[in-house]
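Okay, thanks for making time, everyone. I'd like to walk you through one model today, so have a look at the screen.

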Amino acid sequence: MKSTRIKKLIAGILIFTLALVSPMRSVKSEAAGKTVTYIKEFKLFIKKGGTESDAKDWCKTQSDGDWKVVEGDLNAETDGVFTRKVGVFLCYCTTENEDEAVRDIAVMNEQGNYSESNYKMILENQKNVYKDLVSDLKTQIKGYQENLKNEVKTAVEAHDLLNGFKEDDSEKLLGDFLAELDLSREKDEETLTNVLFQANGSVVLFIQQELSLACESGTKNWLDRMEQIGGYDRFYQKIKNAYNGDDRLAKRNMEKKYKEKAVVIADAWDELKQNFEGIKEYEEKCGIASMSEEEIKEWKENNLKTADGILYEQKAACFDNLAMYTYEGKTLLEFFLQDKSEISGNNLYKLYPMVSCLQPGQLAGINSTVNLYALIGQAFSATVLNDYDKGKLDEVKDEINEDQKENLEESRELVEKCIDQQGEKEAESIYEGVDREVFGGGVAVTSDALDFNNSSETNWTDSFVKHNVNIQTKVGIGLCFGGFATIVLHAIYNTVMEDVAQEIVRRFRFNDAAYHFSEEVANMINGAPANEFMFTYLRRMVKEGEEEVKGVAKKSMEELAKAARGDSTSARVFYGLSRGLTFALLLVAVADVVLNIVALYNYYNRDHLPIPHHIVDMTTNRNKETSFVTYKSVRDNTGECGDLNGNSAKQWLALYQTHDEDAGTPILAPDNGEEFKVVVQYGSADEPKTENYTSLHLFGAPNTPQNLTFADGESGWSYNDGKNGTFVFFRKAGI
């Protein structure tokens with residue numbers, strides 16, 4: 001029996017040490033062949049009059065990576081009549097780590113289907129889900145705190161492992177943070193809810209795994225306790241004796257105490273069996289059955305260098321250990337290999353002994369995220385921790401063979417090394433990889449994600465004039481001047497005195513009127529967030545009009561002076577008519593100018609909505625499950641949310657990126673070949689080939705290449721589409 005326990009202990013050490021080495025870490029096998037580079041992050045370079053050379057120079061100033069520029073201005077030839085060219089260039093840096101890669105990019109336009117208010121509602125609903133997790137964690141944290149106070153080895157080690165992380169807001173190590181919570185206080189419970197809600201999902205799983213281990217107390221683990229009970233019949237007889245042999249009362253009380261928790265275990269049964277069945281499948285795949293003992297030993301040594309190999313060794317060790325426990329005349333391995341139908345429904349009572357052997361914190365873990373396979377591994381870990389702490393490993397060294405002794409020594413050294421390193425390494429944030437901005441403002445959700453078809457909330461805040469803008473302003477002023485000249489020159493055929501002409505010039509005060517009009521326009525401009533270039537142009541137009549008025553007036557006066565022959569009634573009549581008609585024409589011209597200015601102002605100076613910092617979209621992941629993916633806005637060279645229209649168009653068109661694995665395979669970097677294509681006139685015969693490429697698309701239209709310079713009346717976002725379409729195509733791994 002002692003030899004059996006020794007083997008069990010050694011296998012347990014293997015499980016424990018592997019768990020210690022790899023929590024929160026993934027083991028990667030060496031990739032064969034050429035190194036693949038992925039896009040790590042995108043940025044936008046936006047500048048008035050900016051060129052690709054400017055973008056490259058800016059990339060050289062960035063200290064967070066080796067930044068490069070995708071060839072092609074994404075905003076080329078989109079300028080309006082009074083807008084200045086703005087260059088927009090896509091920049092990127094790369095990584096060879098697939099986990100760091102951008103998985104997808106998409107664009108949202110200002111009038112697109114998204115909503116910020118509905119996201120707040122979703123966020124609150126998601127937070128409510130965490131309240132169930134907090135309820136289970138309260139039970140676990142209570143057990144953790146009690147065992148830590150009593151210096152139970154499992155709790156002490158869990159505390160040290162949890163301290164490998166820190167909670168940023170409190171600036172406390174995670175193990176200490178959890179140990180100091182008083183969950184009887186509503187404030188502390190709310191704090192825990194917020195921490196779990198915002199923390200990295202893997203860290204949350206790790207927390208519950210370690211708390212389950214910390215809740216194990218005593219010198220025996222829960223599997224030891226099950227072996228001690230021996231099976232359901234012995235367990236039931238003990239309960240029945242406690243109720244003075246009353247069968248009905250004993251069964252009723254067992255159901256009341258154990259049934260609900262037994263259902264939770266039964267629900268987790270199939271997942272446990274899948275882990276065990278995976279052992280045989282892996283061995284068949286590797287052909288272990290045909291290997292000699294020496295070949296198996298060599299294979300295992302090499303196998304531990306791969307992620308699949310480590311998982312196999314863990315499962316195999318767990319499998320062998322369970323076979324060492326006796327239960328109901330068989331083994332615990334056979335007990336756990338039963339079909340679910342044999343321990344559920346009317347047979348649920350068979351799980352009552354197991355429920356009685358688990359601590360409340362362990363049952364709470366199963367109710368949330370801890371599966372039965374992990375709980376079994378934790379039982380072996382608890383044994384190792386207790387025996388390591390008490391020095392029992394040294395006691396058995398002389399009673400095992402050389403191979404076992406070597407394995408034991410290597411395992412113990414690994415345990416000691418891991419425990420030492422745990423206290424040496426710098427604590428990582430529990431929010432690592434989480435953009436905590438999504439829990440504040442500036443987050444929107446797409447209509448697809450909301451699963452409704454009503455119109456979005458993102459309407460324009462002003463009613464804009466639908467006007468075909470041209471050079472009507474200048475034409476209107478010119479017509480006015482031409483009309484005035486015609487009337488005045490017509491007076492040559494009437495004997496108009498020189499003083500009449502002088503009175504016209506004096507009373508009309510063209511120079512003063514033009515100056516006054518220019519001044520009024522300037523005042524209007526200064527009081528509004530106008531487009532500087534546009535109004536510079538308007539000022540120039542008014543100045544030109546002023547010079548034209550002066551020229552016409554001077555020439556007319558000279559002609560009138562030559563024609564003047566004295567005072568006459570007809571001259572006085574003409575004076576009145578010409579003055580009235582000229583003023584009327586001036587009034588029409590000024591009205592035309594004002595209307596055009598209003599149209600231009602509304603067309604080029606819009607009260608834009610703020611660009612959401614994040615977009616939450618709906619997708620179907622690789623398991624064909626619907627999931628939500630959060631995209632973050634691609635920032636520009638000023639650190640703001642980047643606009644592919646360069647902040648110079650009818651709408652903004654924002655670019656978003658995501659690293660979420662549910663968004664698909666990583667985007668390949670151009671370093672691997674020609675992986676980015678900026679295509680103009682998409683669909684033409686001479687365009688670059690884009691087979692096997694993914695297109696940059698609008699949210700909600702994943703299979704449709706999106707024209708980034710789309711201009712179609714008020715529904716478009718650019719003023720012009722001079723290149724007849726601008727599209728971006730890129731390559732993704734495995735496609």
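I'll go through confidence, then the overall make-up, then two helix pairs and a glycine.

Quick ground rules: this is a predicted model, where local features need pLDDT of at least 70, side-chain atom pairs count only at pLDDT 80 or more, and totals for chains, interfaces and linings use all residues. Numbering runs from 1 along each chain as its sequence is written, and side-chain values use heavy atoms, with hydrogens and water left out.

So, confidence. The chain averages a pLDDT of 76 (that's the predictor's confidence in each residue, from 0 to 100). Of the residues, 67% score at least 70. Residues 20–32 are below 50, and that stretch has 19 contacts in the model beyond near neighbours in sequence, a contact being heavy atoms within 4.5 Å. Then there's 452–535, where pLDDT stays under 50; the model has 152 contacts there beyond four places in sequence. Where pLDDT is low, the predicted coordinates should not be read in detail.

Now the overall make-up. We have 25 helices and 18 strands; those are DSSP runs numbered from the N terminus, helices being H or I with at least four residues and strands E with at least two. Of the 735 residues, 47% are buried, meaning under 20% relative accessible area with a 1.4 Å probe, protein chains only. And if you take contacts with a separation of 6 or more, 78% of them are between residues 24 or more positions apart.

On to the helix pairs. H10 (residues 247–267) and H16 (residues 360–368) have axes that come within 9 Å and cross at roughly 50 degrees. Axes here are lines fitted to C-alpha atoms, for helices over the stretch in contact, with angles from 0 to 180 degrees between N-to-C directions. H10 and H16 are therefore oblique (not under 35, not over 145, and not 65 to 115 degrees). On the H10 side, Lys-261, Val-264 and Ile-265 make the contact, and H16 brings Leu-363, Ile-366 and Asn-367.

The second pair is H11 (residues 269–286) with H13 (residues 307–322): axes within 9 Å again, crossing at roughly 120 degrees, which makes H11 oblique to H13. Among the contact residues are Phe-276 and Tyr-282 of H11, and Tyr-312 and Phe-319 of H13.

Last one: is Gly-329 buried or exposed? Exposed (over 50%), because its relative accessibility is 83%. Gly-329 sits in the loop between strands S8 (326–327) and S9 (330–331). Its C-alpha is 8.4 Å from that of Gly-231, 98 residues apart along the chain.
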